[in-house]
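Here are my notes on the model you sent over, as numbered points. Have the structure open while you read.

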Amino acid sequence: MASEIPNEKNSLYPQVIVDVNPEASSSNPSSNLYPKIDEVENLLPNNLSASAPPLAAEEVLIKVPGAILHLIDKECSVELACGDFKIICLRQGTNIVGFYANVGDIQWPMAKDEAAVKVDDSHYFFSLHMPNESKSDSSSDEEEKGGIFHLRRNRKKKKKDSVPSVMSYGLTIASRGQEDLLKELDKVLQECSAFSVQKVSEEAKKEGEALDASVAKEVSPADLQTEEKKEMLEEKCAAYWTTLAPNVEDYSGTAAKLIAAGSGQLVKGILWCGDVTVERLRWGNEIMKKRMAPGSQEEVNPETLKRIQRLVCS
């Protein structure tokens, strides 16, 4: 009979301990697994608050007075603004967000994949990449209905009406008395753009009156307060950039292809066409004479207007 009584030590089941005094355990607050309602408020520290993002700020890296900005165009470069040329750094806290340049109401971004070129002591040009855009209203369905002939004709129309994806600003600076400041400008451009120094051939300067850069070197920012000297410099600027427009566009287009190919920085040694064709020299001189003629009124080319509209709307 003793074998029928189970051995407590060898039992496979745990023992259940019965609390003989449940009221005592419930009255003890330390044995309660859940905090009281009035204690929940103390779980969060009093100094915990949502962190706001750092404020954005603008820092003017350099300001050069006496600047005239043109939209470079083969037909006739158009003046866009006149005033101080600034390069501004955008910061958010300690981080640099980007850079942009500014003359008057016109501003454009600057980056290591955008070309900034110094042509001489008073002239710089900057490339600006624009998204591809076409003015054609024909849809792909209409092209399919029209057949091959309509497709070819529509492609020609797109090519004719399309606006270049790379545009260039021409900057002229009244540099007399600002030689040291322009050296600082070159250093800043090296830091925030694909900066390079190019030159126009001496033969082109001799043959083309429009490429005479001595006027800008002899004019100071204070001289631009007088209408006579300001108009004289503006006329020279328009002729200068109109003459160099094909060279500037070729250079900017080559730089754009290198960037699109994936090169992180522009390859130094891009061929700059320092020689200017005789045709461009004649056209630049003609532009200067037309603008200098008393009472003359020049109309802006429709293609140039398209470029200006894209810059304003971008």
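1. Start with the second largest cavity, which is lined by W108, P109, M110, E114, A115, A116, F126, S127 and S193. A cavity here is a set of points, on a 1 Å grid over the protein atoms alone, where a 1.4 Å probe fits but cannot get out, and lining residues have an atom within 4 Å of a point. The volume of this one is about 40 Å³, counted as the space filled by probe spheres set on the points, with grid points joined across faces, edges and corners.

2. A word on the basis: this is a predicted model, where local features need pLDDT of at least 70 and side-chain atom pairs count only at pLDDT 80 or more, while totals for chains, interfaces and linings use all residues. Residues are numbered from 1 along each chain as its sequence is written, and side-chain values use heavy atoms, with hydrogens and water left out.

3. Which elements supply the lining of that second largest cavity? At least two residues each come from β4 (106-110), β5 (115-118) and β6 (123-129), and β4 gives the most, with three. Helices (H or I, at least four residues) and strands (E, at least two) are DSSP runs, numbered from the N terminus. By class, the lining has six nonpolar, two polar and one charged residues; Ala, Val, Leu, Ile, Met, Phe, Trp, Tyr, Cys and Pro count as nonpolar, Asp, Glu, Lys and Arg as charged, and the others, Gly among them, as polar.

4. E114 deserves a look of its own. This residue sits in the loop between β4 and β5 and counts as buried because its relative accessibility is 13% (buried is under 20% relative accessible area, exposed over 50%, partly exposed in between, with a 1.4 Å probe and protein chains only). Its side chain makes a polar contact of 2.6 Å with the side chain of H129. A polar contact is a pair of N or O atoms within 3.5 Å; within protein, one must be able to donate a hydrogen and the other to accept it, and residues adjacent in sequence count only if both atoms are side-chain atoms.

5. What else does E114 touch? Setting aside neighbours within four places in sequence, E114 is in contact (heavy atoms within 4.5 Å) with S127, L128, H129, S193 and A194. From C-alpha to C-alpha, E114 and S252 are 8.9 Å apart in space, though 138 residues apart in sequence.

6. Now the largest cavity, one of two cavities of 30 Å³ or more. About 50 Å³ of space lies in it, and its lining is H123, T172, D212, A213, V215, A216, L233, K236, C237 and Y240. Two or more residues come from each of α6 (214-218) and α7 (227-260), with α7 giving the most, four. The lining divides into six nonpolar, two polar and two charged residues.

7. How many disulfides are there? Zero, taking a disulfide as a pair of cysteine sulfur atoms within 2.5 Å. For C192, the nearest cysteine sulfur is that of C89, 8.7 Å away. C237 is unbonded because its sulfur is 8.7 Å from the closest cysteine sulfur, in C82, which is too far for a bond. C192 is buried at 3% relative accessibility, and C237 is buried at 1%.

8. Last, S201, in the loop between β8 (194-197) and α5 (202-207). S201 counts as buried because its relative accessible area is 18%. Not counting residues up to four places away in sequence, S201 touches G274 and D275.

Methods: On a 1 Å grid over the protein atoms alone, a cavity is a set of points where a 1.4 Å probe fits but cannot get out, and a pocket is an open set with protein on both sides within 12 Å along at least five of seven lines; lining residues have an atom within 4 Å of a point.
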